[in-house]
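I opened this model to look up its domains, its ligand surroundings and its cysteines, and I keep my notes below in the order in which I worked.

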Amino acid sequence: MIVGKRKPFEEIKEMLKKYKKILNVGCGTCISVCLTGGEKEVKILNAELEMARKLEENPIELGASCVERQCDREFLAELDPIVEDYEAILSMACGVGIQFLAERFPEKPVLPAVDTSGLAVNQDVGWYEERCRSCSSCVLAWTGGICPVTLCAKGLYNGPCGGTDKGSCEIDKDQPCAWYMIYERLAGQKRLDCITNIQAPNEWEDQVPRTLLHHGYKKRNHSDKN
Amino acid sequence: MKSGSNLEKILKAGHFAFTGELGPPRGTSAEEVRKKAAHLKGKVDAVNITDNQTAVVRMASWAACIILIQEGLEPNYQMVCRDRNRLAMQADILGAYAHGIRNMLCLSGDHCKFGDHPHAKGVFDIDSMQLIQMVKKMRDEGKFLSGSELEEPPKIFIGAAANPFADPFEWRVHRLAKKINAGVDFIQSQCIYNMEKFQEWIKQSNEMGLTEKVYILAGVTPMKSVGMAKYMKNNVPGMDVPDEIINRLKGVDKKKQGDEGIKIACEQIEQFKEMKGVSGVHLMAIEWEHKVPEITERAKVLPRPQVD
Ligand code: SF4
Ligand code: SF4
């Protein structure tokens, strides 16, 4: 899922300082699962903001809403009748949701309350670890199901580097070396031949904004181009 | 001859090579480079010029290399993958060759986290293995990485690093084999303190026939003090410093520790001279360039051979 962290309170407060009436919109999917921007977090942030602004004698009126998914047009539609009443919108979704919201209401300032940090697994309640940088050319087949692009601090395709230290990465003793893990897993599977050949330089696909067209729907979505 | 560099000639002629190292200044002083170079002149076959070593900004490696050439020394141009993409790398290689640079050392580079700009974006467009391949392609095929032709290919003697002490140990010799397949001509190893482990690695390399395909220069850094030894042991990732080295330094008077460090280094060098599969020594006397004349004298590696 996509994970993110709520921005520091002071930063959010600063962003909102010139507004008196704000709609705070959460998202009920990934960002809610990682306890950052769901219904509950919207309420908490609103309460904190209300309190702070009251103390500053600059009261603010805050609306609360939480859509099922901010990255989906059909769920954003339910906001159409209410945004008119607000000066700006604060979004507690991931970067994707925030942008889709801004795109739907181009005349309104849409402000982020979340710092999106990646595609992560749920290790335990409140503990998420990044696993994929969505590079568009997955190499997991020959790296034992461990992503070197994300988990190696240098994103090496032919690791490990000389800094690996008793299984840890050179950047931090608590950070496992991805290439050490790759080696161990492939050795266990007797598949070390996967990494004896040199992996050629990656042809980076993520240097332009990527659009994905499902082959079944190409006609519907891009009839003039394809 | 692949490049005709002095280092290549010496190794090809079967001499025991001896290379040094110089870190460019954190500023614009060509004079500082010249001063350091003066200590190394005539004492080593080539001088590695580090590239933003430990991720700290310094004068560009190629620029300091040019100053060395002006001073009559042969540089070994270090290039890390951390700071530039494939376009910048190829451009720098062309420029470096145009200025007379003939040796290169291809490295991944320390992570930015260690340096003076810890939040800089690490580039790593390609890795050290791919960099070796790229230089070889430019040299031998006269082609850029993209496959398009380049005029007057850069004839570079291609080097890389190897750390026999990093984990997993069993993989290290295979990693060396990979670098050889990528096209490396010579290897300069990480600083060696654990002689036993190094010998084991060399033995495996001999058995796999790797030392016949590549020249291996053993890395030596004399310890200046007990403090330095402890720091290297505990804080430098991938460094293997056995307690016996620390105890030996502790065993002498504080003022004599540097001398003892040089003594240990010289004993190691004697062993390397006899070690099958080792073609030379790479001396990394970090901020100790002025000691190189003394070290080379005591290590009995002078005068340096002349090969035409
Ligand atoms: S290689 Fe890594 S970053 Fe790329 S798609 Fe696979 S898991 Fe994601
Ligand atoms: S130590 Fe391992 S994870 Fe860290 S940069 Fe080197 S190869 Fe990558």
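I began with the cysteines, taking a disulfide to be a pair of cysteine sulfur atoms within 2.5 Å. The model is a predicted one, and over all chains I found zero disulfides in it. I checked Cys30(A) in particular, which is in no disulfide, since its nearest cysteine sulfur, that of Cys94(A), lies 6.6 Å away and the cut-off is 2.5 Å.

Is Cys30(A) buried, exposed or partly exposed? I looked up its relative accessibility, which is 23%, so Cys30(A) counts as partly exposed. For Cys152(A) I noted a relative accessible area of 12%, and this residue is therefore buried.

Next I turned to ligand 2, where Cys152(A) is listed among the surrounding residues, together with others including Cys161(A), Cys169(A), Cys177(A), Lys154(A), Glu170(A) and Trp179(A). I sorted the shell around ligand 2 by residue class and recorded eight nonpolar, one polar and two charged residues. The space that ligand 2 takes up is the largest cavity.

Around ligand 1 I listed Arg131(A), Cys132(A), Arg133(A), Ser134(A), Cys135(A), Cys138(A), Val139(A), Leu140(A), Cys147(A) and Thr150(A). This shell divides into six nonpolar, two polar and two charged residues.

Last, I looked up how chain A is divided, and noted domain 1 as 2-118 and domain 2 as 135-195. How far apart do the C-alpha centres of domain 1 of chain A and domain 2 of chain A lie? I entered 38 Å for the separation of these two centres.

Key
Residues numbered from 1 in each chain as written. Chains lettered and ligands numbered in written order. Predicted model: local features only at pLDDT ≥ 70, side-chain atom pairs only at ≥ 80, totals over all residues. Heavy atoms only, no water. Near = heavy atom within 4 Å. 1 Å grid on protein atoms, 1.4 Å probe; cavity = no way out; pocket = protein on both sides within 12 Å on 5 of 7 lines; lining within 4 Å. Sits in = over half its atoms within 2 Å of the grid points. Nonpolar A, V, L, I, M, F, W, Y, C, P; charged D, E, K, R; others polar. Buried < 20%, exposed > 50% of the residue type's maximum accessible area, 1.4 Å probe, protein only. Domains from an automatic or database assignment.
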